[in-house]
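Dear colleague,

Please find below the structure that I am handing over to you. My findings follow it.

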Amino acid sequence: MNFLQKMGNIFAEYYDWLLQGVGYTMLVALVGTIVGLLLGILIGTYRTIPNPQNKFLRALKKTGDWILTAYVEVFRGTPMMVQAMVIFWGYALVNDGNTMDVIVAGLIIVSINTGAYMAEIVRGGIISIDKGQFEGAYAIGMTHSQTMWQVVIPQSLRNILPSVSNEFVINIKDTSVLNVIGFTELFFQAKTIVTMTADTFATYLAVAIIYFVLTFTITRILRFVERKMDGKKNYTMQGAGNLDADAYAKTQAIGGGNNV
Amino acid sequence: MCKQILQFCHLGKTFGDHQVLRDINFTVNKGDVTCIIGSSGSGKSTLLRCANLLETPTSGEIIFDGKNILTEKSHSKYRQKVGMVFQSFNLFNNMNVLQNCTVGLTSVLKIKKQEAEKIALRYLESVGMSAYVNARPHQLSGGQKQRVAIARALAMQPEVLLFDEPTSALDPEMVGEVLTVMKDLAKSGLTMLVVTHEMAFARDVANKVVFMDEGVIVEEGTPEEIFQNPKEPRTREFLSRTING
């Protein structure tokens, strides 16, 4: 029971450090997930644009496709820790040794790394939408982008929300690799605390508990958002005075409205 | 009064090596209710999908209001005037009934939301679905969905409405309610081009029937001509199988 006491001491003594770590971890995870999702949506929308008739535009689209594929493959195919080092020190190299602000660097790295994964998640979400949804939209004169933003993306977002939550949780944990560029997130703080307390086990156990509380809370919140997005199970009938509707409703095999 | 509104000239469509449509020529006049009949795989749905540019014809012309729409850059303008009702309804699953009918008005025609809702309600009422404005598509029966889909197309106030086997995905009980709505529309003078397996509908409501087989128009004429005195043996064969079978 000694180590429990030690853990309590660590919480009591270093709570402001830990809180700062939690703050930065959550900041970078949240911003990274949101910016990554936006990147993913843009890339997903771009990739589903029908091939233009015009030769030049088609070549342009092809080039864009190729660049995006390269981006996705490179950032999915290398560890984020390595990406962090390459981007951080690469920036310093071309700027005469001046390094980027660590916070900014962290946000950029996590965002573009998440974007590569999100691009694939969003693409999966878009191709899971029935072709009829596109055709229904085209048939009333919607353009491709109107179709995407009004009809397809909202439905895809609902479908991919579980994967997005997953990415968010992964980001909360994986931002720990940013300690290599000196980003003061939770893991970095833990390392610093260990140098002072010399109690490795208790410190990291405390940090593990904090990570778990964070991820567990986030998954619960996102589950709640999912349920909200599904909307109400029931609907209310409007304007009972519509005789036509009533007449029709009576001929229905499946009645609507009162299935509470 | 016989103003032609939509004309297909030497229309052809191939999928790879497979020629689905061959040299299709026919004209739709304003106020016409044209039914396209024929067995599955005869190309009638492809023809209708070409008419809305959901498929791009590989040869020929589609003339609408005197212009060949295949050479136009944007399909959006044309599709606003030529609506379509699908076999599988294709209602937007992320919207309720009212939003399904207003989204085209607000985002495509740039009509204010309030005005759009008024228009949408008027058409929802005409198909007997105005009580269901808050319902989501998955909460409706097939017949209800199809009536909402018709209201959605009508709300755009199209000059021509295309129907692609609108009752084929419905339970027998629900076919009637959709056909009733379509009959009312035909009476109101709407120009309709209907691909259907409902021979009784074609016989009673259409003023022109087109019979297709293997990608060509075999015969066209008034319902009396086609159903009572078919000239071509292929038409006779098809009709004897569908009507007596």
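How many residue pairs are in polar contact across the interface of chain B and chain A? The rule finds 8 such pairs, both residues at pLDDT 80 or more; a polar contact is a pair of N or O atoms within 3.5 Å, where within protein one must be able to donate a hydrogen and the other to accept it, and residues adjacent in sequence count only if both atoms are side-chain atoms.

This is a predicted model, in which local features need pLDDT of at least 70, side-chain atom pairs count only at pLDDT 80 or more, and totals for chains, interfaces and linings use all residues. Residues are numbered from 1 along each chain as its sequence is written, chains are lettered from A and ligands numbered from 1 in the order in which they are written, and side-chain values use heavy atoms, with hydrogens and water left out.

The interface

Chain B brings 42 residues to the contact and chain A brings 36 (contact means heavy atoms within 4.5 Å). Between the two chains there is 1 salt bridge, a side-chain nitrogen of Lys or Arg within 4 Å of a carboxyl oxygen of Asp or Glu. Its partners are A:E135 and B:R49, at 2.6 Å from N to O.

A residue of chain B

B:K208 is buried, with a relative accessible area of 14% (buried means under 20%, with a 1.4 Å probe and protein chains only). Its side chain reaches the backbone oxygen of B:T27 at 2.6 Å. Leaving aside neighbours within four places in sequence, B:K208 is in contact with residues including B:D32 and B:E220.

Yours sincerely

Definitions and conventions. Buried means under 20% relative accessible area, exposed over 50%, partly exposed in between (1.4 Å probe, protein chains only).
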